[in-house]
Amino acid sequence: SGVGNASAEELRRAATSAEQAAGLWAQLGDRAGEARAQLHLGEALFYLSSHDVARAAAQRSLDLALELDDEGLQAQGSHLLGSIANHDGDLDEAQSLEERALALYRAAGDEEAERSVLHDLSSVHRSKEQWQAALDYQQQATALAEKLGNRADWAGSLINLASLYGRLGQA
């Protein structure tokens, strides 16, 4: 959503707006609107390093998405919760959430989101020092980055591959 490129002040404004929107959607009884607003709130708070509050907002979004049977929001909520768990060192939870997001994004055919989750799964396995699994996910992410034509993501993925090949002694 581009939130990660915003300044701290922009993130604070985004969080305030999303929080207000979530409250308004809840008052209107619009669960889908509330779920989207909670997701945006969670993203902004994650980038502001307010992980406990971000986790609560992302979990609320995911709970609403499950209630609504909205697989797109379920994927986004799972991915955000996985990112938070990974950052906080809860690697098994991160892996589980990211695997769920991956399955949902693949089912939806969202290759850009799939690439992002594959990269994050590689990161989780790197943190677990499971080098072969990290490499396998990174290879998939790299292939998608190339296919999608995003040269910056592709270049970053190639650097990650080089690092992983070095870890495996294959460089």
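The expected span of a helix is 1.5 Å times one less than its number of residues. In this predicted model, that rule can be tried on helix H1, which covers residues 8-28: its 21 residues should span 30 Å, and because the C-alpha atoms at its ends are 30 Å apart, the two values agree.

The sides of H1 can be told apart by what is buried and what is exposed. Leu-11, Ala-15, Ala-18 and Ala-22 are the buried residues to look for in H1. Seen down the helix axis, the buried residues of H1 fall within an arc of 70 degrees, so they line one face of the helix. On the other side of H1 the reader will find Gln-20, Gln-27 and Leu-28, which are exposed. The buried residues of H1 pack against helix H2, residues 31-47, and between the residue ranges of these helices, following H1, comes Gly-29, with a positive phi near 80 degrees.

From this helix one can turn to the interior. In soluble globular proteins, nonpolar side chains tend to be buried together. Here the largest nonpolar core has 20 residues, of which Leu-41, Leu-80 and Ile-84 touch the most other members. The elements giving two or more residues to this core are H1, H2, helix H3 (51-68) and helix H4 (71-87). Leu-41, when its neighbours within four places in sequence are left aside, is in contact with Ala-15, Ala-18, Glu-19 and Ala-57; of these, Ala-15 and Ala-18 are among the buried residues of H1. Separate from this core is a second one of 12 residues, including Leu-104, Val-117, Ala-141 and Leu-144.

Conventions:
Residues are numbered from 1 along each chain as its sequence is written. Side-chain values use heavy atoms; hydrogens and water are left out. Helices (H or I, at least four residues) and strands (E, at least two) are DSSP runs, numbered from the N terminus. Buried means under 20% relative accessible area, exposed over 50%, partly exposed in between (1.4 Å probe, protein chains only). The arc is that of the directions from the helix axis to the C-beta atoms. Contact means heavy atoms within 4.5 Å. A nonpolar core is a set of buried Ala, Val, Leu, Ile, Met, Phe, Trp, Tyr and Cys residues joined through side-chain atoms within 4.5 Å.
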